[in-house]
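Reader: I'd like to learn how to read a model like this one feature by feature. Could you take me through it, giving the idea before the case?

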Amino acid sequence: MDPVVLFFLLGLLAGLAKAEIRMPSAIYEFLSALLLITIGLKGGVELAKQDVWQILPQVLAVILMGISLPLIAFPVLRWAGRFTRADSASIAAHYGSVSVATYAVAVAYLARENIAFEEYMAVFMVVLEMPAIVVGVLLAKGISRRTEWRALSHEVFLGKSIVLLVGGLLIGWISGPEGMVPLQPFFFDLFKGVLALFLLEMGLIASGQVGSLRRYGVFLISFGIAMPLFSSVIGAVLGAWLGLSLGGIVMLATLAASASYIAVPAAVRISIPEANPTLSLSASLGVTFPFNVIIGIALYHKMAVWLVQQGVGS
Amino acid sequence: MSGELRKLLVIVTESSLERNLVRDFMEWGVTGYTITDARGKGSRGIRDAGWDVSANIRIEIICNLDVARRVMTQIRQKYYANYAMVSYLTDVEVLRSEKF
């Protein structure tokens, strides 16, 4: 198992045992900013080497996926899970969006397995983060005049993760590979160390969700595992169809399977106030994130290998 | 040296509301406020400020009774139902009372 995953387990166990480790929230903020910028920079450098017009159809297809996933999740939550309309919409929005930490773990996983992937996929993360939020709000309220669209668009376009990711992408794109050389030691060489510490903190946070999971029960836990499995199939098939490499298919499956816990909770808290944030967070952080990090990514890798062997897409 | 009496309104709530509240305050005639990060436990569980979503803030506003009552009525209507929020009002003695 990758050491960064072991750091996550350490955090999880320490949190469950109520051990006295607590990172200042400023450190958590710093580490997450560093991850976002690094992923953005890497993506930007790769983007500079690509013909942007060639990527555009891929981006559009990925946006469509981001819109469809919450639309599929919503009825399941509403009727099988018997959640209120607001709660179903909020959870659906979380699962349509993406998690940067899961993406980062997949990057580390592929590096360890020596599998290359299209690093410009950081762009996919940007475009996957946003549509699900808008779909979620529409599912919760319809096109209502009561929705504060101005406040929502502020959250959607100027949320911390979007600004740092897009900022990193642009800086990487403008500077190109040579421009990145002086930044190499700080942003790229330290990537795994930063990720390890970040995952330690994520483990602590995830362990805090266990109490509410016990309260909300079996459906939420099953949903938190079944939904990423289902989404990963969609992501992997789409990746194969778009002609991505093996690594690219694994990444798109992982992106589809991951659930947001930074951008979406903040936006949904403001835009769907009546939704209970504990429900969506305990599912995405308490179940789906650990599942993806510990088991999921390796599983999506196997699925991608199988798809490539079947010659899907080529 | 003796000061004049004013009201101190304290609001403890979710940090995700900060931007909205600050905008509301201006509309409701609040001229100044102080915000600090906070953590604690209440009817909505432990809010330990470990990361953004579970972070709380504590807002202090020194103002006259009218403004304090207006803010309390408004936040109750607008936020109490769906957000973790507690507010209380006390007397305080201030210097340079024209500021408040």
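Reader: Let's start with helix 14 of chain A: which helices do its buried residues pack against?

Author: Keep in mind that this is a predicted model. To read packing, take the buried residues of an element and list what they touch. For helix 14 of chain A, the buried residues pack against helix 4 (85-96), helix 6 (122-129), helix 7 (131-141), helix 8 (149-158), helix 9 (160-180) and helix 15 (277-310) of chain A. Eight of the nine residues of helix 14, which spans 263-271, are buried, so the rest of the structure largely encloses this helix. Among the buried ones are A:A263, A:P265, A:V268 and A:R269.

Reader: And what about A:I270, is that residue buried or exposed?

Author: Here you count neighbours, and a residue needs 20 or more other C-beta atoms within 10 Å to be called buried. A:I270, which lies in helix 14 of chain A, has 19 other C-beta atoms within 10 Å, so A:I270 is partly exposed.

Reader: Which residues is A:I270 in contact with, leaving aside its neighbours within four places in sequence?

Author: A:A151 and A:E155 on chain A, plus B:S16 and B:N20 on chain B. That takes us to the interface. Ten residues of chain B are in contact with 13 residues of chain A. On the chain B side, these residues split into five nonpolar, four polar and one charged.

Reader: Now a helix pair. At what angle do helix 2 and helix 5 of chain A pack?

Author: For a pair like this, read the angle, then the axis separation, then the residues in between. Helix 2 (residues 25-49) and helix 5 (residues 100-112) of chain A pack at about 60 degrees, with axes 10 Å apart. The two helices are therefore oblique to each other. Their crossing is left-handed. Helix 2 of chain A brings A:L35, A:L36 and A:I39 to the contact, while helix 5 of chain A brings A:V100, A:Y103 and A:A104. By type, the residues of this contact come out as six nonpolar, no polar and no charged.

Reader: Over to chain B. In what order do the four strands of its open sheet run?

Author: With a sheet, get the strand order, then look at the edges. The order in chain B is 2-5-1-6, with antiparallel pairing. Strand 2 and strand 6 of chain B are the edge strands, each pairing on one side only. On average, neighbouring strands of this sheet are turned by 20 degrees against each other, direction ignored.

Reader: How many bridges join the strands at those edges to their partners?

Author: Strand 2 of chain B is joined by five bridges to strand 5 (residues 56-63) of chain B, running antiparallel. Within that pair, B:D37 stands opposite B:I57. At the other edge, ten bridges join strand 1 (residues 4-14) to strand 6 of chain B, again antiparallel. There, B:E4 has B:V94 as its bridge partner. As for burial, zero of the five residues of strand 2 (residues 34-38) of chain B are buried, so strand 2 lies largely in the open.

Reader: One last feature: where is A:R82 found, and what is its phi?

Author: For backbone oddities, check the sign of phi, then the setting. A:R82 has phi near 55 degrees, a positive value in a residue other than glycine. A:R82 is in the loop between helix 3 (52-80) and helix 4 of chain A, and is exposed, with 10 other C-beta atoms within 10 Å. In chain B, B:R96 has phi near 50 degrees, also positive. B:R96 lies in the segment after strand 6 (85-94) of chain B, and is exposed, with 8 other C-beta atoms within 10 Å.

Note on methods: Residues numbered from 1 in each chain as written. Chains lettered and ligands numbered in written order. Predicted model: local features only at pLDDT ≥ 70, side-chain atom pairs only at ≥ 80, totals over all residues. Contact = placed C-beta atoms within 7 Å. Nonpolar A, V, L, I, M, F, W, Y, C, P; charged D, E, K, R; others polar. Buried ≥ 20, exposed ≤ 12 C-beta atoms within 10 Å, placed from the backbone. Axes fitted to C-alpha atoms, helices over the stretch in contact; angles between N-to-C directions. Parallel < 35°, antiparallel > 145°, perpendicular 65-115°, else oblique. Left-handed = near helix turned anticlockwise from the far one by under 90°. Pairing = 2+ DSSP bridges.
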